[in-house]
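Reader: I'd like a close look at one part of this model: the strands and how they pair. Please start there and then work outwards to what surrounds them.

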Amino acid sequence: MTGADIRVVIADALVYASVPRFRDSAEQADFVAGRRDIRMADLEIDSLAAMELCIAIETNSGVSIAPGELAEVASLGALAERVERALAT
Amino acid sequence: MTDATGTEETPLLARLRAFALEGREAASGDGVSIGYAELLERVEAAAGGLAAAGIGGGSTVGISIADDLQHLIVALAAVRVGAWQVTLATHDPVRSRQHIAERVGVTQVIAADAADALPGIRSIAWPVSGGAKVTDVAEGGVLLLTSGTTGAANLVPLSSHELLIQAARNSEYASGRLFKPAAIEHNNSKRHRLYCLAMGGTNVCRPAGPFDTIAYCRRHAVTTLDLSLMQAADLAAGSTSGALGDTAVRVSGSAVPYALRRRIEQNLARRLYVRYGSTESGTISIAGPGEHDETGSVGRVAPGLAVEIVDAAGAALPAGEVGHVRMRGAGIAQGYVDGAEQTAKRFRDGWFWPGDMGSLDEGGRLTIGGRADDMINLNGINIFPAEIEQVLEAHPDVAGAAALPLVSSIHGQIPVAAVELRPGGVVTDRELVAYAREHLALRAPRRIVVLDQLPRNSQGKILRREIAAKFSNPGSER
């Protein structure tokens with residue numbers, strides 16, 4: 001699974017969860033392509049969306065992250081890197 | 001009970017003798033036409049041969065005979081001498097047959113082909129001959145292999161008396177001609193063929209080699225065609241405009257989607273019966289013509305059985321609420337052979353618990369949501385695989401679907417699914433996830449894999465463990 005694959009999983013989960021800051025398709029495309037990062041603090045992510053994001057990551061990559069741990073991650077890009085690192089070890 | 005010569009015999013054989021006096025036909029098919037009188041003659045001759053070989057009350061015989069009629073004769077002869085019997089299917093590997101034989105303590109194997117003998121167990125070549133008329137009477141029965149929920153198959157003992165009671169819940173067999181395309185060596189298939197005989201109907205035997213089910217049914221004036229879910233789906237997909245006319249089509253299974261029911265009614269036969277049952281109890285309920293709708297109900301509970309829907313503590317639930325199904329009544333098995341743990345789980349408090357979740361509506365119609373063991377618990381949300389499968393199978397590109405849980409240390413169980421596409425289907429896994437999300441919201445599968453073919457066993461049952469393996473190492477697949 002590549003970094004780009006992980007970004008697709010994250011983007012899809014946020015779209016399904018109807019996260020307000022992630023409705024712009026250009027912004028989604030930029031994130032998936034690695035041209036843009038989004039700070040977690042700017043995402044306006046609620047608990048349901050956090051759960052969906054963690055479920056999507058676990059189901060598609062096998063990497064378990066608890067919803068509460070998302071607060072420790074600075075951005076979506078950092079989240080993708082964390083999953084990539086976990087897969088590499 | 002006594003036969004015409006004053007010899008005592010079991011109620012099942014006495015029943016067949018009554019049908020013989022009426023001149024009824026017991027079995028039919030390509031090259032087969034035999035009345036109850038001739039059937040009984042052959043059964044008596046075989047019983048004499050089995051008795052001469054030392055088989056009687058206290059014996060447990062293994063039967064390895066694939067031919068419908070020959071298998072029925074041996075099965076009835078074994079009942080006649082008071083033996084218990086278990087099918088050691090010729091299509092199963094030796095190791096599997098040997099394992100079953102050892103579990104139930106098979107004393108002799110009756111085999112039509114010497115190659116089907118098992119090492120260390122006395123083999124009796126079929127057909128048997130010789131021996132005197134059997135005069136003893138003992139209550140033998142049938143040991144039936146059914147899928148267990150923990151990996152090991154359960155063996156259900158049904159006495160011939162219990163078989164008779166179960167048979168009575170299939171009254172349409174009494175004056176009909178039954179055809180089951182599944183081989184008699186499968187539990188369900190053998191049981192229903194015995195029911196048919198116990199009710200005085202005609203078993204239409206399977207022809208040797210490949211056959212066209214619809215043409216065969218027409219040729220032999222079949223009145224009831226009994227199908228598995230997969231067989232029904234295949235036949236309905238390949239047929240047009242009521243191919244079977246007034247022949248009743250019975251489909252066994254607790255979850256027969258409404259879309260498939262409509263396809264069967266439109267393409268195959270107007271008279272569709274969806275039957276819910278188990279090996280332990282036989283038929284529990286049937287939804288007949290005019291009773292099929294979006295609820296997926298399996299109809300009203302058969303007379304003689306009491307069904308309740310209860311919560312985990314055993315308290316009855318109001319109409320419409322989903323809970324554990326339990327039942328009691330005559331003809332239900334008492335437990336499993338060498339399965340104390342499963343017996344304690346499924347047979348308790350005077351009830352049989354089939355392990356299904358379901359509901360009864362105000363009108364007494366039963367709907368089955370799925371297996372209690374299969375229910376997916378995602379962060380406290382209970383999701384039945386069937387509700388996911390029905391949504392996915394409603395997609396025009398999807399031929400079949402299987403939903404299952406992915407175990408998660410954080411979320412409990414995450415619903416995922418595998419699908420098989422129709423020929424020419426182009427939908428992708430991502431598109432299907434989005435589609436499912438639209439229809440199921442939080443209950444949607446979070447990951448879907450598209451397979452060339454869903455793995456199934458020889459009876460068409462989907463092998464979920466094999467599918468689960470495809471989700472075990474997700475990060476390495478992309």
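Author: Happy to. Two strands count as paired when DSSP finds at least two bridges between them. Strands themselves are DSSP runs of E with at least two residues, while helices are runs of H or I with at least four, both numbered from the N terminus. This is a predicted model, in which local features need pLDDT of at least 70, side-chain atom pairs count only at pLDDT 80 or more, and totals for chains, interfaces and linings use all residues. Residues are numbered from 1 along each chain as its sequence is written, and chains are lettered from A and ligands numbered from 1 in the order in which they are written.

Let's begin with the open sheet of six strands in chain B, whose order is E6-E5-E3-E4-E7-E8 with mixed pairing. Strands E6 (122–125) and E8 (154–159) of chain B each have a single partner strand, so they form the edges and one side of each has no neighbour in the sheet. From one strand to the next, the twist averages 30°; axes are lines fitted to C-alpha atoms, for helices over the stretch in contact, and angles run from 0 to 180 degrees between N-to-C directions. At the E8 end, strand E7 (residues 141–146) of chain B runs antiparallel to E8(B), and six bridges join them. One residue to find there is B:Leu145, whose bridge partner in E8(B) is B:Leu155.

Just before strand E4 (84–87) of chain B, the loop that comes from H3 holds B:Val81. B:Val81 has 25 other C-beta atoms within 10 Å and is therefore buried (20 or more count as buried, 12 or fewer as exposed, and those in between as partly exposed, with C-beta atoms placed from the backbone). Neighbours within four places aside, B:Val81 is in contact with B:Ala47, B:Leu50, B:Ala51, B:Ile55, B:Gly56 and B:Val134, where contact asks for C-beta atoms, placed from the backbone, within 7 Å. For contrast, B:Ile284 is 203 residues from B:Val81 in sequence and 30 Å away in space, C-alpha to C-alpha.

What about the nonpolar surroundings? A nonpolar core is a set of buried Ala, Val, Leu, Ile, Met, Phe, Trp, Tyr and Cys residues joined through C-beta atoms within 7 Å. The largest one has 160 residues, and among those with the most contacts inside it are A:Ile10, B:Val74 and B:Ala77. Helix H3 (residues 68–80) of chain B contributes nine residues, the most of any element. In that helix's range, B:Ala77 touches B:Val43, B:Ala46, B:Ala47 and B:Leu50, not counting residues up to four places away in sequence.

A second open sheet in chain B has nine strands, ordered E2-E1-E10-E9-E11-E12-E13-E14-E15, again with mixed pairing. Its edge strands, each pairing on one side only, are E2 (32–35) and E15 (300–301) of chain B. Strand E13 (residues 272–278) of chain B pairs with strand E14 (residues 282–287) of chain B in the antiparallel sense, over five bridges. Within this pair, B:Ser278 has B:Gly282 of E14(B) as its bridge partner. Helix H2 (residues 36–52) of chain B packs on this sheet, touching E1 (25–29) and E2 of chain B, and its direction makes about 90° with that of E2(B).

How values were computed
Contact = placed C-beta atoms within 7 Å.
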